[in-house]
Amino acid sequence: MDIFSGLLSGFQIVFKPENFLYCFIGVFIGTLIGVLPGIGPSGAMAMLLPTTFGLSPASSIIMLAGIFYGAQYGGSTTSILVNIPGEASSIVTCLDGYQMAKQGRAGPALGIAAFGSLIGGTISIIGLMFLALPLAEIAVAFGPPEYFSLISLTMVLSIYLSQGSLFKSFIMIIVGLILSTVGMDLVSGKTRFTFGCGTLIDGIGLVPVAMGLFGVSEVLVNLEESLERVIFKAKIKNLLPNREDWKKSIGPIARGTFLGFPLGILPGGGAIIASFVSYSLEKKISKTPERFGNGAIEGVAGPETANNAAAGGSFIPLLALGIPPNVVMALLMGALIIHGITPGPLMIQQHPEVFWGVVASMYIGNVMLLLLNLPLIGLWVKLLKVPYRILMPLILLFCLIGSYSLNNNVVEVIIMIIFGIAGYVLRKLEFEAAPLMVAFILGPILENSWRQSLVISSGSFFVFLEKPISLGALLLAFFIIVNALVKYYRKKKKRLIFE
Amino acid sequence: MSTRQKKLKRGLVCMNLFLIIILFAFTFSWAAGEKYPQRNIEMIISFPPGGPVDLMTRILAKYMEKEFKVPVIPVNKPGGGGSLGAGIVASSPPDGHTLSIMVPSSIIMPVLRKEVNFLIEDFKPIGQVANPPPVLFITYPDSPWKTFKDFIDYAKKNPGIKCGHPPITTVNALKFMFINKYENLKLVGVPFKTDPEILVAILGKHIPVATISSVAIKGPVEAGKVRVLFSFNPISETGIKIDPPPPDFESFFGKKPPFDFGFYLWCNSKTPNEVVEILKRTIEKIVKSPEYDNDLRKIGYSANYTDGEIFMKNEFPQIVNLVREGLKEAGLIK
Amino acid sequence: MDIILGPIGSQDNISLILDMSLSQIIVTFFWIGFGIFVMIFSFRLGLGSFNNPDAGLLPFLLGGLLSFLCFCDLTIFLLGKRKFEEASKEEKTQISYRKIGFVIASLFIYSFILEKLGFVITTWIFLILLFRGMGNKWMTTFAASIFTVLATYFVFTFFGVRFPSGIFK
């Protein structure tokens with residue numbers, strides 16, 4: 001069945017009243033889930049899974065998939081409004097999105113995030129349609145050495161996430177990497193730095209750390225000021241991005257899409273890596289990089305587009321090969337299996353209605369999400385006008401419930417509080433949280449792929465240079481470092497001349 | 001503050017307290033009677049949603065709800081390689097309302113590694129609910145080994161072949177270590193965090209062979225993207241159709257695998273006997289029904305029932321020893 | 001070329017190591033100590049070799065790098081190459097550490113009591129403490145607390161979150 005007739009049949013399936021409804025329910029719940037802290041899309045999908053038993057396979061996947069990419073939309077909302085990342089892929093959005101909110105520009109930030117997500121999501125679906133099979137082949141070309149080099153490249157790029165002292169960012173990266181080693185080591189099975197605490201066996205949780213470092217620390221910083229000072233500028237300027245905003249955002253959106261889509265295909269990090277890389281790239285390319293971290297709309301447009309594009313891309317390994325690249329896809333795979341469909345290379349042939357139905361529903365879903373989110377912007381913006389003395393305890397409660405609800409584990413709440421305090425102290429001392437988060441998230445993949453590569457190569461370090469993709473990524477990383485150092489020395493020389 | 005304001009304030013405080021009390025009424029559950037089950041049953045899933053154990057639990061929960069006529073609620077508590085969930089069962093009130101489907105190694109391993117406070121004696125198996133997780137030995141389609149025998153012969157002559165496997169705390173990894181030691185294959189294990197990662201590594205030919213659970217590769221196998229050399233349990237138990245079927249342990253080695261543990265439903269060991277008996281009868285009825293088996297086959301498993309007590313007496317001690325040996329071998333305990 | 005060789009930090013201050021104030025020095029010592037702590041514990045885990053790393057190798061190297069870099073930083077400072085900055089006293093007096101401390105304490109208390117008293121009571125107490133602490137009037141405090149407890153309880157329970165019942169089992 002060729003692509004257009006397939007797509008047409010897909011739309012026919014989606015426009016059946018019940019499927020249309022399920023799509024809407026899915027994206028609606030997904031948005032709520034993205035906004036609410038702690039509960040992630042996989043939790044919601046797991047809960048709704050039993051209700052899908054009685055539905056047709058296409059219907060259940062349509063709904064469950066809707067929850068997934070709906071959550072990507074919702075996650076940016078809390079990042080922008082209260083500096084609490086709803087999803088790991090929305091952490092970067094906090095950097096500039098929240099600053100924009102503080103400047104009274106929450107509306108445009110939310111708006112550009114919504115539009116960027118639509119564009120990124122839609123284009124990635126087109127990619128999914130045409131390129132699913134060939135791209136899936138590329139995905140499997142990434143083995144441990146390639147992953148190591150790719151993540152190394154990402155980490156080098158993440159230096160650009162920071163505004164201030166390079167040295168301090170580097171310290172943060174090291175600390176982030178150290179924190180990521182807590183837990184059971186994959187290769188040897190030994191537990192590191194757990195000190196008898198059962199919760200730490202799987203490592204320090206990402207959500208408590210993110211909420212603490214970003215959300216709680218922000219609250220603590222705000223407490224310093226006397227209450228008379230308004231945290232959010234009372235005068236909200238516009239509700240939507242203006243022409244100037246669009247001009248600045250077109251580039252990041254385009255780049256974010258083409259960056260995010262292939263990265264989403266790779267098992268293991270997809271949307272998160274895409275958002276980091278997009279932010280770093282935009283900052284590097286920008287003629288005015290000093291605006292980043294102070295409310296540059298490119299810092300919202302790029303990453304938000306990238307993470308939705310990556311979400312679309314992450315369907316490819318599942319639908320084309322039967323390999324789920326992340327936990328959410330694994331759940332979808334479970335849902336498919338329960339309905340008697342085996343995801344794999346044969347799925348498109350055996351069950352075209354599922355494949356095309358889902359693809360078509362993703363188009364519709366993205367549009368629904370835009371229509372849902374845009375009017376909500378007015379609501380969110382009104383929320384910010386609530387006096388901080390009322391808002392602040394609510395924000396904290398939000399964080400507390402969020403970190404508890406993950407695993408019903410009080411230890412994670414305590415971890416969040418500790419990181420909140422740490423985040424506050426670090427900010428006073430002019431250390432930045434973003435590089436630490438990147439290193440913390442990517443650390444395990446980096447270390448594991450490094451050690452797996454060494455096992456596979458029987459101890460030879462040349463394995464990283466022998467494989468073309470790996471070599472390419474490492475060279476690029478090296479090039480970036482060298483350039484940065486050259487630039488530094490040139491500037492320093494210039495300064496000395498002036499002195 | 002004037003008297004009126006004071007009264008208002010007092011009234012508000014009372015109203016607050018009153019409302020709080022009403023809310024308590026919601027969270028407070030009345031004992032419906034003496035018969036089990038008196039309230040919702042919780043099924044603890046020690047793994048993340050979407051995985052095979054998760055799906056299996058949800059299927060069983062569906063049937064249990066029909067039989068017991070109370071909500072049977074699956075709750076995901078992943079963590080610690082399964083030990084977090086186990087810990088919850090061990091510390092829950094021993095009234096049979098907190099249950100969990102686990103493989104014995106989930107309990108044994110963390111205890112032997114002294115990572116948890118619970119003891120093996122804190123648990124009691126009610127009955128088996130599914131056959132052992134099917135573990136397959138796979139390779140890529142155009143690999144030089146067409147049969148398991150080819151592979152074994154080659155491996156013995158060329159020590160150090162890399163074989164991918166899931167994390168050491170899993171049953172599948174234990175099976176890999178066992179076969180490696182038993183047949184003296186001198187394979188070098190490459191650990192991966194999840195089954196899909198192993199699959200990608202095989203498809204991309206980054207590793208020559210791997211052990212993996214059947215659930216993860218059903219699709220690719222049937223599409224011819226993966227070749228199955230060997231199956232720990234008969235391939236017919238997995239629901240995957242391969243022609244000709246690869247050898248299983250018994251047919252290849254001529255004897256039963258020395259350890260094999262299926263999935264059992266566990267409860268707190270202090271649960272009263274009457275409750276355990278009720279659970280046993282119900283579970284036996286469910287597991288032996290053809291609908292349940294059908295549902296399991298959809299997710300790549302198959303149903304099989306054995307009584308928990310018999311298991312505890314006969315096979316369980318052996319399993320503890322075997323796991324202990326396996327951990328020693330891996331250098332994780334002394 | 002400038003597009004590729006863009007600047008890293010947005011500030012014009014491109015010195016690797018900023019001028020130090022007392023708190024900065026303390027932090028540097030802290031990192032050195034942290035790094036050494038990590039090194040000690042990683043060493044115990046076993047380092048393996050470079051070709052065959054064991055669990056402790058990476059944290060050991062990282063801890064070492066951390067301590068080393070901060071040590072260098074400190075040394076350069078002590079050798080007098082840079083200025084010692086007095087922390088602005090004015091800044092200190094305006095910051096209300098009491099409020100921050102109060103909030104932190106409330107957070108910790110929340111997490112300790114949560115499973116003992118249950119979600120409803122704990123959240124109620126917490127909210128009353130914080131709302132009042134932020135200077136709201138009693139009426140607002142009670143109204144907002146009760147409303148929030150109810151709202152969060154029902155919304156989150158709808159999404160399947162299970163709250164501890166504490167003393168109401």
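This report looks at chain B, at how chains A and C meet, and at one residue of chain B.

A quick note on conventions: residues count from 1 along each chain as its sequence is written, while chains are lettered from A and ligands numbered from 1 in the order in which they are written. The model is predicted, with local features needing pLDDT of at least 70, side-chain atom pairs counting only at pLDDT 80 or more, and totals for chains, interfaces and linings using all residues.

**Chain B overall**

Chain B has 13 helices and 10 strands; these are DSSP runs numbered from the N terminus, with helices (H or I) of at least four residues and strands (E) of at least two. Its C-alpha trace spans about 95 × 50 × 45 Å along the principal axes. Of the 334 residues in chain B, 49% are buried; that label takes 20 or more other C-beta atoms within 10 Å of a residue's own, with C-beta atoms placed from the backbone. Among chain B contacts with a separation of 6 or more, 75% link residues 24 or more positions apart. Two residues are in contact if their C-beta atoms, placed from the backbone, lie within 7 Å.

The domain assignment, which is automatic or from a database, splits chain B as domain 1 (41-132 + 261-329) and domain 2 (135-253). Their C-alpha centres sit 26 Å apart. Where they meet, 14 residues of domain 1 of chain B contact 15 residues of domain 2 of chain B. On the domain 1 side, α4 (104-112) and α13 (316-329) of chain B each supply at least two residues, and α13(B) has the largest share with 3 residues.

**Chain C against chain A**

Here 59 residues of chain C contact 58 residues of chain A. Elements giving two or more residues to the chain C side are α1 (22-45), α2 (57-78), α4 (97-117), α5 (119-133) and α6 (138-158) of chain C. The most, 10 residues, come from α4(C).

Here's the make-up of both sides by class: Ala, Val, Leu, Ile, Met, Phe, Trp, Tyr, Cys and Pro count as nonpolar, Asp, Glu, Lys and Arg as charged, and the others, Gly among them, as polar.

| Side | Nonpolar | Polar | Charged |
|---|---|---|---|
| Chain C, touching chain A | 38 residues | 17 residues | 4 residues |
| Domain 1 of chain B, touching domain 2 of chain B | 6 residues | 6 residues | 2 residues |

**A look at Ile207(B)**

Ile207(B) sits in the loop between α7 (195-203) and β8 (209-213) of chain B. Ile207(B) counts as buried because 24 other C-beta atoms lie within 10 Å. Leaving out residues up to four places away in sequence, Ile207(B) touches Ile456(A), Lys162(B), Cys163(B), Gly164(B), Val190(B), Ala201(B) and Ile202(B). Val190(B) is 17 residues away along the chain, with 8.5 Å between its C-alpha atom and that of Ile207(B).

Methods:
A residue is buried if 20 or more other C-beta atoms lie within 10 Å of its own, exposed if 12 or fewer, and partly exposed in between; C-beta atoms are placed from the backbone.
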